[in-house]
Amino acid sequence: MAFADPNPLRGIVLKVCSVTVFVAMQTCIKLAGSGIPPGQISFHRSAFAIVPILVYLAWRGELRQAFQTDNPVGHVKRGLLGVCAMGAGFYGLVHLPLPDAIAIGYAMPLIAVVFAAVFLKETVRLYRWTAVVIGLVGVLIISLPKLSLFGEEGFGSEAAVGALAVLVSAILGAGAMLQVRQLVREEKTSTIVLFFSLTAALLSALTWFFGWADLSWQGLGLLALAGFFGGLGQIFLTESYRFADVSTIAPFEYCSIILGSIAAYLLFSEVPTMTTLTGAAIVVAAGIFIIYREHQLGLERRAARKASTPQG
């Protein structure tokens with residue numbers, strides 16, 4: 001995969017920024033309450049996300065160009081995958097504790113690595129595969145003690161349905177990530193971000209016919225703030241794909257376990273267990289190894305180019 005300006009480190013930094021604001025978005029949705037339909041949450045998240053996006057595009061002088069696209073079908077595909085992933089993920093988020101929802105959602109970057117290798121033919125070397133597997137072990141350590149899939153109510157429990165919804169969201173989200181990766185080959189970041197929010201807001205607005213909840217001012221404010229954070233996160237995330245492969249930046253989704261655990265402790269009085277801390281340490285270590293490996297590969301590529309350049 002060729003990049004106009006290959007810079008894995010920059011892509012990683014942008015990915016971490018997106019993770020930070022997305023955790024803030026999830027926290028706002030969790031605080032808003034569990035009685036709000038996922039379609040209604042998706043609408044507010046998408047509609048209010050348009051505000052920072054428009055401000056950002058106007059500031060960069062790209063607002064007019066953002067409405068111009070040569071691939072409307074690609075944007076519709078990305079919108080459908082994205083809004084379905086959001087709806088399923090938000091359903092799980094309001095029916096599960098925040099750390100549980102984040103932990104199960106870690107399946108998305110892992111699935112994205114597999115999708116990138118299979119469908120985009122991106123090169124995923126043994127070292128990166130190993131780091132991803134190690135990260136998965138960390139995710140399992142975090143997840144297994146918390147999930148209540150095998151409680152008295154079995155798979156009919158609220159927690160079980162919520163967990164399944166988050167898993168479905170992870171699969172759809174991985175597909176959306178790859179669709180974005182395809183779009184950045186020919187579309188501007190501004191167009192991708194704007195069209196996604198517009199498409200998602202329109203599609204989720206249709207769920208009004210199935211019944212929406214009456215929101216308090218506090219609930220509306222939290223969902224509006226969630227949308228604002230979602231818009232910022234979308235800008236960071238889309239931009240990150242311009243500088244690195246999906247398989248390089250996807251594992252850094254794991255940073256959210258640290259931020260999510262802090263939010264869970266401060267706002268929901270959930271204290272991280274030793275298994276959570278152990279799993280998080282393993283996941284972070286895997287991510288650091290990927291940074292080191294990408295740095296080493298970058299040095300090797302630059303050395304090879306220098307050696308192959310005629311000298312005088």
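Colleague: What makes the approach of the Ser18 side chain to the backbone oxygen of Lys15 a polar contact?

Modeller: In this predicted model, the Ser18 side chain comes to 2.6 Å from the backbone oxygen of Lys15. The cut-off for such a pair of N or O atoms is 3.5 Å, and the value of 2.6 Å is within 3.5 Å, so the pair is called a polar contact.

Colleague: Why is Ser18 called buried?

Modeller: Its relative accessibility is 1%. Buried means under 20%, so Ser18 qualifies. Ser18 belongs to helix α1, and beyond its neighbours within four places in sequence it is in contact with Gly233, Phe236 and Leu237.

Colleague: Why does Leu237 count as buried?

Modeller: Leu237 has a relative accessibility of 12%. That value is under 20%, so the residue is classed as buried. Leu237 sits in helix α10, residues 217-240. With neighbours within four places left aside, its contacts are Lys15, Ser18 and Phe22.

Colleague: How far apart are the C-alpha atoms of Leu237 and Thr189?

Modeller: They are separated by 9.8 Å, with the two positions 48 residues apart along the chain being the sequence separation.

Colleague: What makes Phe195 a buried residue?

Modeller: The figure for Phe195 is 19% relative accessibility. The limit is under 20%, and 19% meets it, so Phe195 is buried. Phe195 is placed in helix α9, residues 189-205.

Colleague: Which residues does Phe195 contact beyond its neighbours within four places in sequence?

Modeller: Ala66, Phe67, Thr69 and His75. For Ala66, the C-alpha atom is 8.3 Å from that of Phe195, although the two residues are 129 apart along the chain.

Colleague: How do you know that Ala112 is buried?

Modeller: Its relative accessibility is 0%, and a value under 20% is called buried, so Ala112 counts as such. Ala112 is in helix α6, residues 107-119. Its C-alpha atom lies 9.8 Å from that of Leu172, a residue 60 places away in sequence.

Colleague: Why is helix α5 described as largely enclosed?

Modeller: Helix α5 covers residues 98-105, and seven of its eight residues are buried, so the rest of the structure largely encloses it. The buried residues are Leu98, Pro99, Asp100, Ala101, Ile102, Ala103 and Ile104.

Colleague: What makes a group of residues a nonpolar core here, and which residues have the most contacts inside the largest one?

Modeller: The members are buried nonpolar residues joined through side-chain atoms within 4.5 Å. The largest such core has 51 residues, and Ile29 and Ile41 have the most contacts inside it. Helix α8, residues 158-183, supplies the largest share of this core, seven residues. Outside its neighbours within four places in sequence, Ile29 touches Ile41, Phe90, Leu93, Val94, Leu223 and Ala226. There is also a second, separate core of six residues, among them Leu57, Ala66, Val193 and Leu194.

Colleague: Why is Leu31 called partly exposed?

Modeller: Its relative accessible area is 38%. Buried is under 20% and exposed is over 50%; 38% falls in between, so Leu31 is partly exposed. Leu31 is in helix α1, residues 8-32.

Colleague: What makes Leu31 eligible for the nonpolar surface patch?

Modeller: A patch residue needs over 30% relative accessible area, and Leu31 has 38%, so it clears that cut-off. The patch also includes Ile258, Ile262, Tyr265, Leu266, Leu267, Val271, Val284 and Ile288, and its accessible area comes to about 850 Å² together.

Colleague: Which helices supply at least two residues each to the nonpolar patch?

Modeller: Helices α12 (256-268) and α13 (274-308). Of the elements involved, α12 gives the most, with five residues.

Colleague: How many helices and strands are in the chain?

Modeller: The chain has 13 helices and zero strands.

Colleague: How much of the chain is buried, and how much area does the chain expose?

Modeller: Buried residues account for 49% of the 312 residues. The chain exposes about 15000 Å², and carbon and sulfur atoms supply 69% of that area.

Colleague: What share of the contacts between residues at least 6 apart in sequence joins residues at least 24 apart?

Modeller: The share is 90%.

How values were computed
Residues are numbered from 1 along each chain as its sequence is written. This is a predicted model: local features need pLDDT of at least 70, side-chain atom pairs count only at pLDDT 80 or more; totals for chains, interfaces and linings use all residues. Side-chain values use heavy atoms; hydrogens and water are left out. Patches are made of residues with over 30% relative accessible area and no salt bridge: like charges are joined within 9 Å, nonpolar side chains (Val, Leu, Ile, Met, Phe, Trp, Tyr) within 5 Å. Accessible areas come from the Shrake-Rupley method with a 1.4 Å probe; for residues, only the protein chains shown count as cover. A salt bridge is a side-chain nitrogen of Lys or Arg within 4 Å of a carboxyl oxygen of Asp or Glu. Helices (H or I, at least four residues) and strands (E, at least two) are DSSP runs, numbered from the N terminus. Buried means under 20% relative accessible area, exposed over 50%, partly exposed in between (1.4 Å probe, protein chains only). Contact means heavy atoms within 4.5 Å. A polar contact is a pair of N or O atoms within 3.5 Å; within protein, one must be able to donate a hydrogen and the other to accept it, and residues adjacent in sequence count only if both atoms are side-chain atoms.
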